[in-house]
Protein chains: 2
Amino acid sequence: MTELKPGPNPLFLREEELRQAIEMLFFAYRDFTGEPDAILAHLGFGRAHHRVIYFVGRHPMISVSELLLILKITKQSLSRVLSQLVREGFIVQHQGTEDRRQRLLKLTDKGVEIERQLTEAQRQRIARAYREAGAEAVQGFRAVMLGIMDAPDRGRFDRERDG
Amino acid sequence: MTELKPGPNPLFLREEELRQAIEMLFFAYRDFTGEPDAILAHLGFGRAHHRVIYFVGRHPMISVSELLLILKITKQSLSRVLSQLVREGFIVQHQGTEDRRQRLLKLTDKGVEIERQLTEAQRQRIARAYREAGAEAVQGFRAVMLGIMDAPDRGRFDRERDG
DNA sequence: CATATACGTCAGTCTTGTTGACATATTGCC
DNA sequence: GGCAATATGTCAACAAGACTGACGTATATG
């Protein structure tokens, strides 16, 4: 039973294969978020704070509306965690120069430090998985993950870095 | 940019590669859960109900404590959704024969139907991604996903089906 | 018989998402 | 210049789903 036995019922195998993928997503995502969650809880923050810190770190001087497009949550939901992060000095808001209605977000030094700390566990987890699986597997992983996400989200991974 | 360009700064590329993986997990997981969530909301249920229905369907006659080990939530959290699912006729509880303290869980016909409906969108999403990426990519995907999850969870995917 | 286990339940709290309504500053257009 | 649209903020109420802590009951096991 270590090898799924090649049987007379390919439909069953397909079903099993698909269910395993579904479960892998569940387990991998949960374990993947576990470590940062623990650190966050210790700071009185939640996973939502991590996401904001992460994407502001990833896209310095991002506008609020751009951040909303990435996170796909309501501005009210974002507002709660964002204003908390600004109040506690992890993020600063700069008024936009071209459009002065915009509040462009940027991590403070304190924010950069906490981002590094939070993301480090995840980075190491991925690095280990990548190293152990090998370069070819990584290509496969990326291909499947891109296929799983909605088409619009895929755009973030081919060009990347053109603004 | 389809191939990561071999540059003068391999550390930057590595960092970029790892961050892309982190973001792929975020986007893929969110999009992956989106469709069932919509169906569930329509039924007055949430994602937690889906998880319970899914794993009870996957492991018929599973005990409550075994289910708790898979989900890694508290019995109080499980209780809320489980008793709701029992009350509304999606799951039945059979008293264990060997250990009569156990409540062994099983989907009703109604439960099977809703499970099929909920998981169908996810199955199709995975099937499409697998088909488009190819068999080799699937192997890579599995290898990386297994590497990302905590070691204890990996055990569910090599043997699988020995109880 | 006593203790441990499997399960259920009541009560309160927190995070994070939602909707709806309304306010303010700024931009862009006629 | 005036006015509609846009970017953002904020108040209020609500729901899902996780948590802790405490307590109760049925059954198993030594």
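Here are five short exercises with worked solutions on a predicted model of two protein chains and two DNA strands.

## Exercise 1: How the two chains are related

**Task.** Find which rotation and shift superpose chain A on chain B, and name the relation.

**Solution.**
- Step 1. Start with the general description: two copies of a chain are related by a rotation about an axis and a shift along it.
- Step 2. Here, superposing chain A on chain B takes a rotation of 180° with 0.0 Å of shift along the axis, and the RMSD is 0.0 Å.
- Step 3. This is therefore the relation of a two-fold axis.
- Step 4. To place the axis in your viewer, go to Phe141(A): of the residues of chain A, its C-alpha comes closest to the rotation axis, at 1.9 Å.
- Step 5. Now compare the contact residues: 98% of those of chain A recur in chain B, so the same surface serves both copies.

## Exercise 2: Helix 6 against helix 6

**Task.** Work out how helix 6 of chain A is oriented to helix 6 of chain B, and which residues meet there.

**Solution.**
- Step 1. Take the two helices, residues 135–148 in each chain: their axes are 7 Å apart, and the packing angle is about 95°.
- Step 2. Angles of 65 to 115 degrees count as roughly perpendicular, so the two helices are roughly perpendicular to each other.
- Step 3. List the partners. From helix 6 of chain A they include Ala137(A), Phe141(A), Val144(A) and Ile148(A), and from helix 6 of chain B they include Ala137(B), Phe141(B), Val144(B) and Ile148(B).
- Step 4. Sort this contact by class: 14 residues are nonpolar, two are polar and two are charged.
- Step 5. Phe141(A) takes part in this contact, and Phe141(A) is also the residue found beside the rotation axis in Exercise 1, at 1.9 Å.

## Exercise 3: Two partners for helix 2 of chain A

**Task.** Describe how helix 2 of chain A packs with helix 4 and with helix 5 of chain A, and give the class make-up of each contact.

**Solution.**
- Step 1. For helix 4, the axes are 10 Å apart and the angle is about 70°, which means that helix 2 is roughly perpendicular to helix 4 in chain A.
- Step 2. Helix 2 brings Ala48(A), His49(A), Val52(A) and Ile53(A) to this contact, while helix 4 brings Leu78(A), Val81(A), Leu82(A), Gln84(A) and Leu85(A).
- Step 3. The class count for this pair is seven nonpolar, two polar and no charged residues.
- Step 4. For helix 5 (residues 109–133), the axes come within 10 Å and cross at roughly 110°, so this pair of helices is roughly perpendicular too.
- Step 5. Helix 2 now uses His50(A), Ile53(A) and Tyr54(A), and among the residues of helix 5 that answer them are Ile114(A), Leu118(A) and Gln122(A).
- Step 6. This contact has four nonpolar, four polar and one charged residue.
- Step 7. Ile53(A) appears in the contact with helix 4 and in the contact with helix 5.

## Exercise 4: DNA strand C

**Task.** Identify which elements line DNA strand C and which polar contacts reach its bases.

**Solution.**
- Step 1. There are 26 residues around the strand, and Arg47(A), Ser77(A), Arg80(A), Lys75(B) and Arg101(B) come nearest.
- Step 2. A polar side-chain atom of Arg101(A) lies 3.3 Å from a base oxygen of the strand, and one of Arg101(B) lies 2.5 Å from a base oxygen.
- Step 3. The elements that give two or more residues are helix 2 and helix 4 of chain A, together with helix 3 (64–71) and helix 4 of chain B.
- Step 4. Helix 2 of chain A gives the most, with four residues.
- Step 5. By class, the surface has three nonpolar, 13 polar and ten charged residues.

## Exercise 5: DNA strand D

**Task.** Say which residues contact phosphate oxygens of DNA strand D and which one contacts a base nitrogen.

**Solution.**
- Step 1. Begin with the phosphates: a backbone N or O atom of Arg47(B) lies 2.5 Å from a phosphate oxygen, and one of Val64(A) lies 3.3 Å from a phosphate oxygen.
- Step 2. Turn to the bases: a polar side-chain atom of Arg80(B) lies 2.8 Å from a base nitrogen.
- Step 3. Finish with the lining: the largest share of the surface near this strand, four residues, comes from helix 2 of chain B.

Technical notes
Residues numbered from 1 in each chain as written. Chains lettered and ligands numbered in written order. Predicted model: local features only at pLDDT ≥ 70, side-chain atom pairs only at ≥ 80, totals over all residues. Heavy atoms only, no water. Near = heavy atom within 4 Å. Polar contact = N/O pair within 3.5 Å; in protein donor to acceptor, adjacent residues only side chain to side chain. Axes fitted to C-alpha atoms, helices over the stretch in contact; angles between N-to-C directions. Parallel < 35°, antiparallel > 145°, perpendicular 65-115°, else oblique. Contact = heavy atoms within 4.5 Å. Nonpolar A, V, L, I, M, F, W, Y, C, P; charged D, E, K, R; others polar. Least-squares fit on C-alpha atoms with pLDDT ≥ 70 in both.
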